[in-house]
Amino acid sequence: MDNATARRTKVGLVAGGLGAYWPQFPDLLPQLERSSARVAERMRALDCDVVDVGFISDAQEGAAAAEKLRAAGCDLIVGFLTTYMTATMLVPIAQRSGAPVLLINLQPTESMEHATFDTGQWLAYCGACPLPEMANAFTRCGIPFRSVSGYLEDERAWDRIGRWVRAAGVRAALRRGRHGLMGHLYPGMLDVSTDLTLVSANFGGHVEVLEFDDLRVRVEKVSEAEVGERIELARGVFELADSVNEEDLSWAARVSVGLDRLVEDFELDSLAYYHRGLDGEVHERIGAGMILGASLLTARGIPAAGEYELRTSLAMLIMDRLGGGGSFTEFQALDFARGHVEMGHDGPAHLAISSRRPLLRGLGVYHGKRGWGVSVEFDVTRGPVTAFGLRQARDGSYGFVVSEGEVVEGPLLRIGNTTSRVDFGCDPGEWTDAWSASGISHHWALGTGHRLADLRAVADLLGTEIVNVTVS
């Protein structure tokens, strides 16, 4: 599920305490520095690169640390409150870094030994004391505030810290992302239409506008040997239905190799595409031949979405970076007899979250589209899932729309589409009405796991509204 080329999240770490304590309590600073070293060790275990600028004891050292962290270009700054410290030590770090700041208060153990502790030993447990001061100062300075309190080996606290690190990685992927948009809008889909400037305004990143000819010239240069290799890859990844003929499979393989080159040449992190075509000409054939290659890209962590669905390709990217995959999805039907919502699409699919070996099925026609070829048939693995999409409000702001459910057993269509049965724990008609009322477009990402908590953290770092769709 991981994109091998994805940049690791860079976390800046600074620990601090009030320097006036050190001459008064000689054993305190060494203890706090040991705690700081343990925090750094655990941070590195969160699959991130840690820029540790050490321990600060006064405002001057805080300013020096701020410059180091600013130059490092971190995705998240973690300030470890080991004992009481003044806000002036951390405010410059938050102001200059340009990155979100997470304050952590992790005392040495679950509880003090009250009968034996002296003042110096108590101060090692006093990281909560400056937290309201930091929150007040950050608020007055216009700096968003978030924190995690616990103790050094508190797994609940580290779960929350890990969530903020993952969220920072998603924010960084969006801010640095290069998102391909190829072809043209599916005629009449007003919900899908996207102002490209709004992507940069809401999330950062760059939208690369591509022509289908950018893909065509690369497809034309694919060699027969490369086609053969891609066919062998497809046979290894997919089960092939009897309806798949060699000519269509060969063409899909050729387009797949061309897609890989397009993504590499333009350094794309995601892709949304659509082209209508006419009378079997080459652009129509390329558009109809995309699903194999787009599904393979999506499984590698480079999400590809059809029907020019840029916001959904971004939602798929977010879900993938959180570890949930994220497959291109829309409503298919409601099963009131079983209480399920049936959802999926005619591709692409996120193969890494399939419940079984995905199937390639030959299609004589793609409903609502021109062309013919092979398509992917699969359902998301059983268990907890999250439906997640991006809505665009009237003022141009983006928002997250989220709902947690469970993929369950049941009959599935065998028409070359991805299809999953999702139980949201309520009447499927009521859920569908609530989901639609959120302002979501008619496409979204379906990913594994319950991801609401992670998505709340991402929304916080992006300054984005989040709506959790539930029906009581």
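Two strands are said to pair if DSSP finds at least two bridges between them, and by that rule strand β6 (residues 178–183) is joined to β7 by five bridges, the two running parallel. The structure described here is a predicted model. Among its elements are an open sheet of five strands, an open sheet of four strands, and helices that pack on these sheets or against one another, including α14 on the four-stranded sheet and α9 against α11. The points below take the two sheets in turn, and then the helix contacts.

**The five-stranded sheet**

- The strands of this open sheet follow the order β2-β1-β3-β4-β5, and their pairing is parallel.
- The edges are taken by β2 (48–56) and β5 (147–151), each of which has a single partner strand, so one side of each is left without a neighbour in the sheet.
- On average, and with direction ignored, neighbouring strands of this sheet are turned by 20° against each other.
- Within the sheet, strand β3 (residues 76–81) pairs with strand β4 (residues 101–107) in the parallel sense over four bridges, and Gly-79 stands opposite Leu-103 in β4.
- Strand β4 is largely enclosed by the rest of the structure, because six of its seven residues are buried.

**Helices lying across the five-stranded sheet**

- Helix α3 (residues 59–72) lies across β1 (9–16), β2 and β3, and the direction in which α3 runs makes about 165° with β2.
- Helix α6 (residues 131–140) lies across β3, β4 and β5, running at about 170° to β4.
- The buried residues in α6 include Leu-131, Met-134, Ala-135, Ala-137 and Phe-138, and the buried residues of this helix pack against β3, β4 and β5 as well as against α4 (91–97).
- After α6 comes Gly-142, a residue whose phi is positive, near 75°.

**The four-stranded sheet**

- This open sheet has its strands in the order β7-β6-β9-β10, and the pairing is parallel.
- At the edges stand β7 (206–210) and β10 (304–305), and since each has a single partner strand, one side of each is left without a neighbour in the sheet.
- Where β6 runs parallel to β7, Met-182 stands opposite Leu-210 in β7.
- Helix α14 (residues 310–321) packs on this sheet and touches β6, β7, β9 (270–274) and β10, with a direction that makes about 150° with that of β9.

**Helix α7 and its two partners**

- The axes of helix α7 (residues 155–176) and α14 come within 9 Å and cross at roughly 145°, in a crossing that is right-handed.
- In this contact, Val-170, Ala-173 and Leu-174 of α7 meet Leu-314, Leu-317, Ile-318 and Arg-321 of α14, and the residues divide by class into six nonpolar, no polar and one charged.
- Helix α7 also packs with helix α16 (residues 452–462), at an angle of about 55° and with the axes 8 Å apart, which makes α7 oblique to α16.
- The crossing in which α7 passes α16 is right-handed.
- On the α7 side, Arg-163, Trp-164, Arg-166, Ala-167, Ala-168, Val-170, Arg-171 and Leu-174 meet Ala-453, Asp-454, Ala-457, Val-458, Asp-460, Leu-461 and Leu-462 in α16, and by class this contact has 10 nonpolar, no polar and five charged residues.
- Val-170 and Leu-174 of α7 thus appear in the contact with α14 and also in the contact with α16.

**Helices α9 and α11, with Arg-218**

- Helix α9 (residues 212–220) and helix α11 (residues 246–265) pack with their axes 8 Å apart and at an angle of about 120°, which makes α9 oblique to α11.
- The crossing of α9 and α11 is right-handed, and the contact is made by Asp-214, Leu-215, Arg-218 and Val-219 of α9 together with Trp-251, Arg-254, Val-255, Gly-258, Leu-259, Arg-261, Leu-262 and Asp-265 of α11.
- By class, the residues of the contact of α9 with α11 comprise six nonpolar, one polar and five charged.
- Arg-218 is found in helix α9, and this residue counts as buried because its relative accessible area is 16%, with buried meaning under 20%.
- When neighbours within four places in sequence are left aside, Arg-218 is in contact with Gly-258, Arg-261, Leu-262, Asp-265 and Phe-266.

Notes
Residues are numbered from 1 along each chain as its sequence is written. This is a predicted model: local features need pLDDT of at least 70, side-chain atom pairs count only at pLDDT 80 or more; totals for chains, interfaces and linings use all residues. Side-chain values use heavy atoms; hydrogens and water are left out. Axes are lines fitted to C-alpha atoms, for helices over the stretch in contact, and angles run from 0 to 180 degrees between N-to-C directions. Angles under 35 degrees count as roughly parallel, over 145 as roughly antiparallel, 65 to 115 as roughly perpendicular and the rest as oblique. A crossing is left-handed if the near helix is turned anticlockwise from the far one by less than a right angle, and right-handed if clockwise. Contact means heavy atoms within 4.5 Å. Ala, Val, Leu, Ile, Met, Phe, Trp, Tyr, Cys and Pro count as nonpolar, Asp, Glu, Lys and Arg as charged, and the others, Gly among them, as polar. Buried means under 20% relative accessible area, exposed over 50%, partly exposed in between (1.4 Å probe, protein chains only).
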